Every structure is written in structure tokens, then in C-alpha cells.
Amino acid sequence: MGATSWLVAAILALPWLGALVLALWPSDTSVGAPERVTRSGAPTSRIAGSQPAGDCAAGWVALGAAAASALALGALLSRGGALDGWTWTLGGVSLALDAVALPFLLTVSGVTVVSIWYGWGYLDHCPRPRLCYALVLAFMGSMVGALLATDVLVFFAFWEAMLVASSLLIAGWGEGPRVGPVALKYFVYTQAGSALVLVGLAWLVDLTGSLTFAGMAAGMGNVAPQAATWIALLLVAGFCVKLAVFPVHTWLPDAHSVAPMPVTIMLAGAMLCIGCYGILRVPVMTMSAAGLGPLQAPLLVGALVTQVYGALMCFTAQDVKRIIAYSSVSQMGYVLYSVATLNALGISGGLLHVVNHGALKAALFMGVGLVMRATGRRRIDELGDLFRAMPAVAMGLSFGAVALAGMPPFGAFASEWLIYEGGLNTPYPLLGYLELAAPLATAAYALWFVGRVVLGPPAPPEREVAATPGAMRWSFYAVLGAALALGFFPGPLHAWAGRASALLLGGG
Amino acid sequence: MLDYLLLATLVAGAVLLAQMGSAHRSRERLARGLSALLLVPAAVVAVWPGQAGRPWYWIPNTPPASFAAAPPAGGLVLSLYALLAVTMWRLIARQSAGAWPGLCFILCALVVAALTVDQFLMRYAFLEVIALLTILAMALESPALRAGGGLWRRYLQFRVGDVGLVVVIVVLERLSGTLRIDPMLAALPAGSAAQRGLVLGGGLLAAWVKLGLPPFHGWVADLAHTRPAVRLWLGGLSLPLTAAYLLYRLSPALRAPAAAPWVVLAGTLGLAYSVAQVFRVGREPERGRAAAWWLAIHGALGIALSATPLARAYLLAFVPVRAGAAYLLALRPLEVAPRVVLAVAGSRVPGNGCSLEDGPAGVSTGRPGPGLSATFQPLLAAASAVEELLERGNRWAARAAWSAGQALQDRHRGRLRTNLLWATIGLLALIVVALASNAP
Amino acid sequence: MPDHLVLMPMLVPGVGAAALYLAGRTVARRNAQLALLTSLVLAATLGAALLLARQTSLQSQPTWAPAAALGNPAAALGEPAAAPGDPAGAVFRAEPGGVLLIIAAVALGMLVSVFSATYMALDQRYALYYPLLLLLIAGMAGMLLAADIFTMYLFTMLASATGYVLVAFRRLTETAIEAGFKYTIMGATASTLVLVGLGLVYRSSGSLGIPLEGVLVGRLGVLGLALIVAGYGVKGALVPAHTWLPDAHGRAPSSISAMLSGVLIEVNLYVMVKAALGIGWATRSLGILLVVVALVGMTLGNVMAMRQTYGKRLLGYSSIAQVGYIVMALGLGIAYQRVELVAAGLFFLLAHAVLKALAFLCKGACHFYCNVSLVGELDGMMQRMPLAASGLAIALAGLAGIPPLVGFMGKWKVVTGALLELHPLTALALVVFILNSLLSLGYYLPLIARLLKPAEPAAAQAAGIAVPMVPAVEGLGVGTELSPLAASAAAPSAALAEPGAGVGGQDAATLRVATSAWVAAPIVALAALALLFGLWPSLLVGPTVEAATYLLSLGG
């Protein structure tokens, strides 16, 4: 077992290690420890109070763990060689990184790093920051685990851990009066999807007699086509809940608008797409793309409806965070559409879109978070003319929004282009042509949003904008820079996506 | 050479933007004027025939792009650089320049790039950036436009045109298997009737929007808020020029017997409508806005002519005509013109003073933000209704479980008598089932 | 050669009970001493049970027959003598499933007795409590080892009677007495039914063995069988005879609730299935009956649990739901003769034993230290008692079926098993099962969320008591009033558990409480088991499959 395979293990282990360290960090609030004298002079050890020094260190630990995981991934990539076949095995468990998981893994690592960085600023007043950072790392670790799993049970365990960590974050650190119900709704909805996935996977395991993806692919000969279609239906339906496809998207706007911003960034930028990964990994890759044939037309239509519907709902939302959340619904429509094209062009476009969407959506939420922090408002009719008040952030927000609508030279242009091309190569070219009009809807809300918030008339009661923490601003600029860089240097990503689509469609 | 010209122009624009406001005004003017002047001979060298461009790679799996000035494009490039020099020296000489000179250099470079690039996807990308720069320049130029909030709708109109262009590209790419413009256009006659229709329709739509023909004329009308040089560039030399060039490139196909009558008809209709609007807004107090209709007339003429052999002539005359129009607008002679036309036409159409923003007015009641048009409202209402329905479903499911628990709880408070009753019933049921299922 | 080892799981705790009673009256008067002695006795029992398990397999089942051991007393009564070594004369027989359950019960009893070393410290009658606990375990062991229905009945009476007493152990509180009374009435009725039933079976077949040597003849025999099944159904809390359970489990001391909920009802169900199959109920109809009962039961349990305001009552309803899952898997397996499904049911049973015991012990710890009994009082327990709250959170997450805990593996096994047999009934069962596992999130999750909430000062918390779990949707009525039972439920906690260690004045609600090692050890052990069996379910696969094969072989 060479260094390469230990790097694979490190990608997964580092976040969990960080989470463990943060969770078990000796707390100075227990009865046994010497009691701290608080500012009010009372010698009670209140647990909810935050200790700035400890928080800062916790932030560093969290960022360090996430960045180290990302660096491990980078080191793995820089070793070159075959793009897949990086595996790590110990006992009965093995982890593997292949081209299919790579775009998702890149997104997860990148988005987590910037959201923790952003969190340095955003979470500066949150209670129990260590636990919060620990859960953020656990959230990341479970996403990474789901991506690296080669085994159904390991995959499912991390899949659920993802849900648990994120819903705990929402329940514990959410904003607004409806935190509990929203967290519950998020959990139950996603769990319903997971139940479908569970049944589908169990059925597949029964029929193929294997628990690993590779073994299942080998045993597909035992599965009757009709059963295969049912299994694919169960799995796709289950994963679509995570992907927030219409009409099972209703958890998303609630969860995204209630979660604290760093968590929202991770939910929107990284976690949603794991649903897409699920579809690619099991029904497309393990079973066969051809088996999805009967489902293709419904999926394409569903994706189109989701795109347009999400875009329409953006206009009706009043809360800026909710607007961006609905845009995620719309964008996940693109991703689902790309998967449903079932051809190399579309799928590689979808994989690229996952990365680009991760960066852009993170940027948008960060920008919105900055605006909320600076103005103290989040209703869209209370915001306006930010271009004058905070020009740099406003420009960044505008570029992010326009880039999401497929504006070159940002990367989303290239990925959406590939998705259209893929759409036209399906047996349903009419839907492909309809898809060409979908970015119009995206552009509409993106520009409406920008026109309203950035350029629009100043909000009635003028107020001074407050200073924003540097960590929030610089992470925002960094993400925008990354999104731009993705547009200018798409070469390696395209190569990986091409390799992945070849693997997925059985040509690899 | 052309590549270096473009790079030089972009760099000059970037330097100007970076220097914005830091140098003395006269020195700034000297810098931009000199650099624009220097670029003119460079442009002459660059468009000299017989040069091969170097390949540029961008999106993998697409062919490399190169920049080359074919004959009509070469002339356009030269005239663009000439006008760049002129505008940099003349038209904004006496005013505070702001970000415009830098943007203008960049815009010029992008337009030249769009005209000379030989790969369609790249061209599309350039066009999108030009459209965005147009909006950006308008926003920077006029606080009124910025505050009005209507700019996003203008950009959206550009995107409608882009959809047309995307259809053109996609269909041609499928026909020819490449993204290079020349082979793509050459493959067009081989396509089916539907494919040709899509290409021509898409191309016409794109040109229609970029030329500012109704109902997409609003952005040209908004230019009235800008300075003459800006108006010249945005309304004459950037998007409309690329549209005219597109029409020229498509004109062999548009001239096909099956298509030509429709194209001419469309152009004529646009022409007629625009002329009528010129009459209608003759008494518009805001004279500058009326210019939009004059330019629309010119654009509609281009559409009509594109199906005739005159397309090349139209393209070659495009830059002088628009430049002249901008010059005239700068001199403000337009208050006379409608009256002359009216006199010639012999009729009077009363101006009703309504704004050029025809179509339903923006609905702002009950919705955040201005400018959601009324046609859009029912759609939004429908979507909201669906969302509410889904949410109601969620609530119903949760409430059902919840109240079932409550109802059972109320009935079933753990009293001994109730419990015994239930248990007895249960036992009897079990016994009956057992007897029934095990009967010999 | 008679195998006296078979007797050990009953003899050791039985004799130990007598010895402990005497010791408690004379030398070992302190709670911790008795707890330690009890756990030693149980450790010895566990050793015996493990030895027994090594000798037990499908092929060889150690038996103990009085004829061989005591020189055939049956002959003295005028009955025909059984040949030495003939299983026909056997009174006790160790079979794989029974031994597995005995090990679970004894191990759990050991942990419970350790836990009681602190938990029962405020009660006075130690000398009664520990012997009763031992007798309960002896009774369960006897039920599981019995080779004929009458022996089984006798030991059922032993287990039940000790159960009645233990439920009402805190005799000074009215609710405990009420719960114990209810349990006694219903349990006694059930016992009577069983007695009548086995009489009828004996009359019509001339035998009481499991499996029956003769053939059941006539309607009366069938009626007898039905009565036996019904009687054990009551004791196993099958719907609609489940109504005693939430009261009994909610009012008993938490350590006893852990035993009752974790093993006692499951043992009753196991012997019910064993008896029904052994006497000869047709497998298909028995399976379908069980599935239907289970589906109704799980739905009812989940729906009811959703509105509970008293924590242990909630856990009781959750037990009804979980028993539904177990019985569903067993029923499907029996109906379609699928070893996988029956094994899945037994796996689920063991998983539930671990998780529910963990939940009750943690709940008990919260009650003991912080006087928490209502759901609304659990807010912020993660800060006040990190260990107990984490344990409770793990237990609830496991019951909700979240990987990598053992509850998930149970769910996984049930689903994979059920998908092997695609009939309308399995499909229906699967759908109901999945929907129920979603429904159950409606009460497990808010409970976990409560644990994790930031602690509030006592005054604010007292105001929040009346608020049940957060409803899933906005706009639902939040502040429902307490039910009369729940209101009276506050009484024992107020009367009994005077603030234990470290709870003081008003600021106590946010203060961290140190837990004693006696409480911590069982919680940690059970949590570790929940994780261990979740990560390595293969540890339990062998025994459960063997037990399932045995059960199915009984049905022919």
C-alpha cells in the first residue's frame, strides 16, 4: 500500500480527525474545572458564553483540517498517473477515488474550506463555536465519505451522517423563529428520499448478491430488466429528493434560509450535488445508462420544469437568502437534466456544472451574507442601491449572479453549453430545444436580483452600512476569483469530466 | 498581428481603467488620445491581407479559434479604430471622462474580436461580454438608468437574442460537426427545411434584438441618457454592428427563395412600425428618445435588405450611417425632422405623450422591485399557488400524524377500564382468527 | 448423561436471589454491595449461558430430563417411564434462539444491576429489589429453556409475578401502583388464558411438548392454541393488548423499564412464536396474522408516541412500534419460510434490546440527577449531563435507524430480507414499515434536538415544560395542556428523587452534573455495543441465523 492510497484515506480521515479534536476539546465549563469568573463577576460557569481565544483556535483547527484534506486531494492529483484506481483498503473496508467522484470531491473540499474561512467572520458571535465547527467538519467528512465509498453500506452510512450533521447544524445554530420545524422538515424529507434509496439498494444487493458497487455491476446479469427499471426508479426518486427536484424541493428554501450562512453555503454548494453523484454512481454506472432509458423522458421534463419553476419562485420570494435558495432549485434542474441526457457531452457538462455551481453559489450566498451583515436587513424591498454603499461587494454579487446565468468567461458558460449539446443529442430533441430557452429564466431572476439589490433605488429608510469582518470579504473575493479561474482554465476539469463520462457510460 | 492588436487594445483599456481618476485630466486625455491614435496604424498593419492568426484554445473539445480579418471585416476593423481615435480626441474632450475611455477600448477590442474570430462559440462568448459591457457602461454613465432598475430587463432582452444565436450555433454544429464559422455556414444548405428554418429564425431573432428593433428597442431609447460618444459606440458600433455582420454572413441563406419573402416581409413590417412610431413620438418632449425609432428604421432596413444582394452595401455603409446619426444627435437637429416627415406625409398623428416603454407598465404593487411586467404576473401567481399547494400538502401530512396522535391520546388515557376493554376485544379477535385459520 | 448445565441459567440466579435476600437482611445492607453481588451472580450466570451456547447447535440440543436426573419421579405417579436420554421426557431443552435471548437477558441484567448501584440509592428496599431482579431473569431463562408448554407457563408466572412487583416497586407513588395494578390484572388474565389453553391442547393431543409429539385434534385443541397465543400476545404487548405497556414501562424504575422493554416482552413474543409453531399452527396463517398485528401495532405506537409529554411513556410507545417491526419481520419470515427474515427479526430484537435499554438507562440517569421526567425538561441536557444525553441521543438515533448504529442494520436486514419475497403482502408490509420509520422521526428527532439545545435557566425552563415537542409544521397548536396522566407523572419525580448529586438552586438548570461511574459504565457499554453491532453486524449473524433455522424447523 503506497503513499497514494494513504492519501486517499487522509482525505477522509482529516476532517473527521478535526471534528473529533474539536468535539473533545477540553471544555473549561465543567464542574470539576476551576470556575471562571465572568465579566459580570458571578462565579457561575455559563456554558453558552463564548470564549474568544478558544473560538479563534477552533476556527484555525477547523480550517486546518479542511484545508489539509483539500491539500491531500491536491497532492493526490499532482502525483498524476492514472486518474482512477486510487484505492485504500483496510480490513473489509475500502475507499476509492475515481474520476466520477473527483469533481464532487473538489467541490466539497473547496466549498468547505471557503465556508469555514467565511465562518470565521460570520460565526464570530455564535454560541458553542467548537461544536459548530466540529459538526461542519463532520458534515464535510461525511460528504467525502459518501464520495469515496465503494460499498453500499458505507455509502449509505455516510449519506445519513451527512444528513444528521447538517440537520444538527440547522437545529442548533439556525436563525429565525422556525428553526425546529425547519430542521425536522429537512430531516424527514431527506429521510424519505433515503428510505427509497435504501429500498432500491437493498433490492439491488439481493438480486446481485454483492455489497460493493463493482460487485453489483458485475452481477447485473442476474437482474431482470423490469426489476432493474423499478430499482432505478426507486433510486432516482430517492436521490432526487436530495437534489431538490420539483415537487420534492420544498425542504430546500426553508433549510437554506434558516441555516447559518456557512452551513447554507455547504448545503447549496456541495451537498445538493451529492444527490447527482448518487444517481451517477448507482443507476447510471453500477447498473447501466441504457437501463434508465424508460425514465429518460420523465427525467428530462422534470428537470426542465424544475429549472423554470425554481426561477419563477425566485421572483416571489421576499428574503434574499430564499431567492438564492430557489436559484439552487433551478440550478439542480440543470444538473438533473445533464444526467438525464445519458450521453457523454451532457454528463461531462453536468459534472463541470457541479463544480462551477459550487463556486458561484458559494459566492452568491457569501455576498448575500455580507449584505445582510452590513445592512442588517434581508428583505429584498428593504435593500437597494448597494452599488453606492458597498461597491466591491455589490460588483462581486452582480458578477456572481450574471455568471450563474451562463455569462462567459465564467465557467458556467462552458458547462451549460455542454449541457445544451447533450440535450440535443437525446432521443427527444424537442426537449433539447426547450432547454435552450431555460437560461433565459435564470438570466431573468439573476438580473432582476442584481437590478433590484445592486442598482435599484435606495431603500426607503436610509441607513449606514456596518463594517463587515475581513474574513467574510476576502473569502468572498477568493471564491469569485476561483470561479473566474475555472472559466479561464477549464482544461484539467474538462479532461476529468470527459474521463468520468467515459467511465459512467461504460466506455472507460 | 491581429492578436497583438487586440491584446494591445485590451491592455490599453485596462491601464486606462486602472489610472482612472488618478492622473490629471489633460494628461489623461493625452494618454488615451495618443494610444488610440497609435492603434490606428497598428490596425492597418494587422488587417493587411495574407496573415494567418495563431490558434487559441479555450474550452477543451472545441476547435481552436484564430483571428483573421476577411475583406469586409477588415474594413470594419479599420473604421472602428479610426472612430476610436476620433471619439477619444473629440467628443468627450471637454467632459470628465470617468470609466468610459477604458471601457471603450475594451469594447472596441471585443467588437473587433467578435468580427474577426473564426469560431462560433468564441464569437458568442464575445457577444455576451459585449452585451454585458453595454449594460455596465449605461449603468455607469447615467444614475437615472441605474436607479430606474430597468437595465436588467434590457440585458434580458439581449439574452433573448442570444437564445436565437445559440440555436443557430447548435443546429449548425450538428449539421457540420465543427464550430468553425465558415464550414458551419457552408453546411447550411445541406440541412433539412426545419433546420434551415431554425437557423434563419434564430439568426433573425438575434439580429432583431441587437439592432434594437421593436419590441426590443428599449435599450436604444435608454441611450438617450448617455453622452454622445457613448451613444455612438453603444448604439452604433458595438452590438448593432455585430448584428449587421451576422446578417451579412447569413445573407446567402436568407436569399434562398423559400426564405427571402419572409425576411423582407419581416423587415418591412419592422420598418413600417418604426416609421409609425416616429410619427407618434414626434411631439415627445424628450427628443433624444425618439432617436431610437430612427435607428430602428435603419435596422429594419438592414433586415429587409439582408435578403437581397444589397446586404454587403448595407454593411459597408453601416458604420458611416450610424456615426453620422450619432453626430446629428449630438447636434440635436431632430426636433425638425419629424415635422419635415409629417409635412411630406401630409398627415398629422397626434403624439399622446406616452412613454416609449410601450407594453404593460411595470407592476410594483405587492411585489418587490419594479419592472415585473404584467404578463409575468399570472405566471408568478401560478407558481406561487403550486408552491403553496405543496406546502399545504406537507402541512396536511404532518398535521394528520399529529392530530391522529392527539385523537388517540384523548381516547386512550390509560384508564384501566378502557384498557381491559381493548384487551378483551383483542383477545377475542385473536381467538376468532386462530379458529378461523386453523379450522380442521 | 443428563446435562446439568442446562439448569444453570435458572438455578444460579434463583439460588442467588435467595442468598441475596438473606445477605441484604443481614450482612450486606448497602445498596452498592448488593448491586455488586447481583452483578457477580449474573456474571456467573452469563458464564454458564455462554458455555451452554457453545454446546448448543441445531444438531445437538442439551436437554435435562428429571427421569434421567432424579431417577424417574414420573414413574412414581404412574406414568409410563421415558427411556434415559429420550427427549420426550425432557423438561428443559437448550435451543439456539433461547440461549441467545438468555445471554441477552443476563447481560442486560448485569448492566442494570451495576446501574442500580447508584440509581436505586434513594430507595430503601434493596434486599427486595435485587432478588426480584434475579428472579425475573431466572423466570425468563426458564421460559426460554422450557421443553414443554407447562414448564414454560410456570416460569412465565415467575417472570410475570416478579415483573408486577417490580413495576410497582416504588409503592409510595400512586401512579406506580396504578400501573402495577393494571399490569397485574392484564397479565393475570393472560396467564389464565394460557393455562386454559394448554389444558385444552393437552386434552386434544395428549402432549404438551414443543414440538408437540401428538397431533392437535378437534376444535377445542385449536381454541387452546389460540388462547395460548393470545395470552402470550398480551404479555408481549401486541396490539390491541398493548395498553398496559406504556403505563408499566413509564412508571417502573428506569432500570426495570430497561429490563421489561429490552427483553421481557421480546422473550414473551419469542416463546409465543415458538409455542405456536411447535404446537402446529399453519405457518402461512400464523405469519399473516403476525404481520397484520405488527403493522397496526407499529403505526399505533408511532402515532401515539408523537404526542407524549412524559419521556418514559414515549419510550414505551416507541417499544410498541419497535415490537411491531420485530414481529413484522418474524411474521413475514414465518409466512414465507425465509430464514433471512426471521433472522432479521431476531437481529432487530437484539438491537432493540440494546438500544431501548440504553434509552431507559439514560433517561433514568437524567431523572435521577436532574429530576427530568417530562420531554420538555430535556432541553439542554447535553450540557448538563453530556454522557447521559449523548447516550440517549445515540439510542434514539439508533431506534430511528440511522447508520452506523445497530438499529440501521436491523432495518437494512429487514428490507433486504423482505425484498427477497416479492408478494403483495411483503410489498405492503415494506411500505408501511418505511412510512412508519419516517413517522417515528417525528418524535425521535425533536427529542434529540431538545437534548442539544442550549440550556436555559431554570425559570425559563419551567415555563417551557408545558410545551410538548415542537410540531412539524408551523401553525399547529403548540401549547397543548398536559394530559391528566402526564400531570400526575410529575409527582414521583418530585416526591422521590430529591436532588441527587450537584443540583442546587435556580442556576442548577445550566450547571453540569457529574455522573457516578456506576451509572456511566452501563451507558458507555451499551452505547459501545450499539456501535459495535452496527459496524460489525456479522457478530450476530451466525447466532440469529441458527436460531431462525431452528424456529422455522419447528413449523415443519
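This is a short talk on some features of a predicted model with several chains.

Let me begin with chain B. What is chain B built from? Chain B has 18 helices and two strands. It is 440 residues long, and 51% of those residues count as buried. Its accessible surface comes to about 18,700 Å². Of that surface, 68% belongs to carbon and sulfur atoms.

Now the contacts inside chain B. Take those between residues at least 6 apart in sequence. Among these, 76% join residues at least 24 apart.

Stay with chain B and look at its surface. Which residues make the nonpolar patch? They are M1(B), Y4(B), L7(B), L10(B), V44(B), V45(B) and W48(B). The patch covers about 690 Å². Two elements give two or more residues to it: helix 1, residues 2–19, and helix 2, residues 25–46. Helix 1 of chain B gives the most, with three residues.

One member of the patch deserves a closer look. M1(B) sits in the segment before helix 1 of chain B. Is M1(B) buried or exposed? Neither word fits, because its relative accessibility is 43%, so M1(B) counts as partly exposed.

Next, the aromatic rings. How many aromatic pairs are there over all chains? A search of the whole structure finds 35. Here is one of them: Y164(C) with Y183(C). The ring centres are 5.0 Å apart, and the planes stand at 90 degrees. That makes the pair edge-to-face. Where do the two tyrosines sit? Y164(C) is in helix 7 of chain C, residues 149–167. Y183(C) is in helix 8 of chain C, residues 174–205. The two are 19 residues apart, and the pair links distant parts of the chain. Both Y164(C) and Y183(C) are buried.

Chain A has a cluster of rings. Ring pairs link F155(A), W159(A), F213(A) and F239(A).

Rings can also have a charge over them. In chain B, R54(B) lies over the face of W56(B), at 4.5 Å from the ring centre. In chain C, R125(C) lies over the face of F169(C), and here too the distance from the ring centre is 4.5 Å.

Last, two single residues. Start with C362(C). You will find C362(C) in helix 14 of chain C, residues 339–370. Why does C362(C) count as buried? Because its relative accessible area is 0%, and the cut-off for buried is under 20%. What does C362(C) touch, beyond neighbours within four places in sequence? Its contacts are A388(C), G391(C), L392(C) and I523(C). Now take V296(C), which is 66 residues from C362(C) along the chain. Their C-alpha atoms are separated by 29 Å.

The second residue is A471(A). A471(A) is in helix 18 of chain A, residues 470–488. Its relative accessible area is 16%, so A471(A) is buried as well. Which residue has its C-alpha atom 5.6 Å from that of A471(A)? That is Y118(A), and the two are 353 residues apart along the chain. Set aside the neighbours within four places in sequence once more. A471(A) is then in contact with W117(A), Y118(A), W120(A) and G121(A).

So keep both residues in view when you turn the model. For C362(C) and V296(C), 66 residues along the chain go with 29 Å. For A471(A) and Y118(A), 353 residues go with 5.6 Å.

Definitions and conventions:
Residues are numbered from 1 along each chain as its sequence is written. Chains are lettered from A and ligands numbered from 1 in the order in which they are written. This is a predicted model: local features need pLDDT of at least 70, side-chain atom pairs count only at pLDDT 80 or more; totals for chains, interfaces and linings use all residues. Side-chain values use heavy atoms; hydrogens and water are left out. Rings of Phe, Tyr and Trp (its six-membered ring) pair if their centres lie within 6.5 Å; planes under 30 degrees apart count as stacked, over 60 as edge-to-face and the rest as tilted. Helices (H or I, at least four residues) and strands (E, at least two) are DSSP runs, numbered from the N terminus. Buried means under 20% relative accessible area, exposed over 50%, partly exposed in between (1.4 Å probe, protein chains only). A charge sits over a ring if NZ of Lys or CZ of Arg is within 6 Å of the ring centre and within 35 degrees of the ring normal. Patches are made of residues with over 30% relative accessible area and no salt bridge: like charges are joined within 9 Å, nonpolar side chains (Val, Leu, Ile, Met, Phe, Trp, Tyr) within 5 Å. Accessible areas come from the Shrake-Rupley method with a 1.4 Å probe; for residues, only the protein chains shown count as cover. A salt bridge is a side-chain nitrogen of Lys or Arg within 4 Å of a carboxyl oxygen of Asp or Glu. Contact means heavy atoms within 4.5 Å.
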